[in-house]
Amino acid sequence: MEILKIENLSKQYGKGETAVNALNDISFSINKGEFVAIIGPSGSGKSTLLHMLGGVDRPTSGKVMIDGTDIYSLNETQLAIFRRRQIGLIYQFYNLIPILTVEENITLPILLDQHKVDQRNLEEIVGKLGLQERLNYLPNQLSGGQQQRVSIGRALVSNPTIMLADEPTGNLDSKNSGEIIDLLKMFNRTYNQTLVIITHDERIALQADRVIEIEDGKIAKDEVIRP
């Protein structure tokens with residue numbers, strides 16, 4: 001089932017002679033439960049693409065459809081709510097709130113919606129992430145690998161339609177990198193969680209079901225590795 005559809009997506013920064021086309025008329029779709037890696041050299045447009053998919057930055061033209069919703073037809077308030085509920089975002093530098101505990105950081109999207117936290121779901125996620133003994137810790141009391149686990153928990157707690165990760169291992173050593181990718185793959189396979197990872201690491205890309213290569217703002221290659 002198609003969960004994400006990109007139609008003629010373009011992003012231009014600046015105007016006239018100084019204009020830069022970060023994305024140039026990109027189209028593709030992703031099915032529910034797919035694990036897709038997006039690769040490309042620095043400046044190719046891959047992070048810009050992820051920001052468009054995540055509702056973080058509006059495109060110059062084109063559509064991003066997530067589970068049938070054209071997210072850029074929404075106003076800013078509607079888009080913020082949709083992003084919080086339907087899109088799980090994981091960043092290289094964790095983006096945790098320093099004054100909130102691990103539990104508060106993980107449950108933040110639900111608390112912002114003024115909804116009740118599903119304790120059973122929370123306990124299951126925390127258990128899978130190995131954070132049971134760290135729920136009352138602050139981010140500065142955690143290792144980098146643990147902080148990234150918290151950000152994964154925050155991305156998953158609302159049971160999002162799609163999870164997007166921008167260089168999720170870029171700030172970690174090889175041991176922690178391997179553990180984080182294994183966790184993301186586990187949630188992808190066990191819960192059929194659609195997963196899109198931006199990475200420069202070929203070893204990570206080759207673990208995906210499909211690899212999309214971006215070059216100069218365009219799709220240079222779209223290859224299925226394991227059907």
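Just after helix 3, glutamine 114 takes a positive phi of about 60°, and that spot is a handy place to start looking around. Helices here are DSSP runs of H or I with at least four residues, strands are runs of E with at least two, and both are numbered from the N terminus. Before going on, keep in mind that this is a predicted model, where local features need pLDDT of at least 70 and side-chain atom pairs count only at pLDDT 80 or more, while totals for chains, interfaces and linings use all residues. Residues are numbered from 1 along each chain as its sequence is written, and side-chain values use heavy atoms, with hydrogens and water left out.

Now step back into helix 3 itself. Its buried residues are Val102, Asn105, Ile106, Thr107, Pro109 and Ile110, where buried means under 20% relative accessible area, exposed means over 50%, and partly exposed is in between (1.4 Å probe, protein chains only). Those buried residues pack against helix 2, helix 4 and helix 5 (144-156).

Take helix 4 (residues 119-129) from that list. The axes of helix 3 (residues 102-112) and helix 4 come within 12 Å and cross at roughly 120°. Axes are lines fitted to C-alpha atoms, for helices over the stretch in contact, and angles run from 0 to 180 degrees between N-to-C directions. The two helices are therefore oblique to each other; under 35 degrees counts as roughly parallel, over 145 as roughly antiparallel, 65 to 115 as roughly perpendicular, and the rest as oblique. On the helix 3 side, the contact uses Glu103, Ile106 and Thr107, and on the helix 4 side Gln119, Leu122 and Val126. Contact, by the way, means heavy atoms within 4.5 Å.

Helix 5 is home to arginine 149. Is arginine 149 buried or exposed? At 16% relative accessibility, arginine 149 counts as buried. Setting aside neighbours within four places in sequence, arginine 149 is in contact with Leu129, Gly130, Leu131, Glu179, Ile180 and Leu183.

Next comes the sheet. It is an open one of 6 strands in the order 6-7-8-3-9-10, with mixed pairing. Strand 6 (87-90) and strand 10 (218-224) stand at the edges with a single partner strand each, so one side of each is left without a neighbour in the sheet. From one strand to the next, the twist averages 15°. Two strands pair if DSSP finds at least two bridges between them. Strand 6 and strand 7 (residues 162-166) run parallel and are joined by 4 bridges, and isoleucine 90 has alanine 165 of strand 7 as its bridge partner.

Some helices lie across these strands. Helix 2 (residues 76-86) crosses over strand 6 and strand 7, running at about 75° to strand 6. Helix 6 (residues 174-190) lies across strand 3 (35-39), strand 6, strand 7 and strand 8 (194-198), running at about 150° to strand 8.

Alanine 165 also leads us to leucine 50, which sits in helix 1 (residues 46-53). The C-alpha atoms of leucine 50 and alanine 165 are separated by 8.2 Å, though the two residues are 115 residues apart along the chain. Leucine 50 counts as buried, at 2% relative accessibility. Not counting residues up to four places away in sequence, leucine 50 touches Leu164, Ala165, Asp166, Val196 and Ile198.

Finally, look at the hairpin. Strand 1 (residues 2-13) and strand 2 (residues 20-31) pair in the antiparallel sense over 8 bridges, with leucine 9 partnered by isoleucine 26 of strand 2. Between the strands are 6 residues, and glycine 14 in this hairpin takes a positive phi near 80°.
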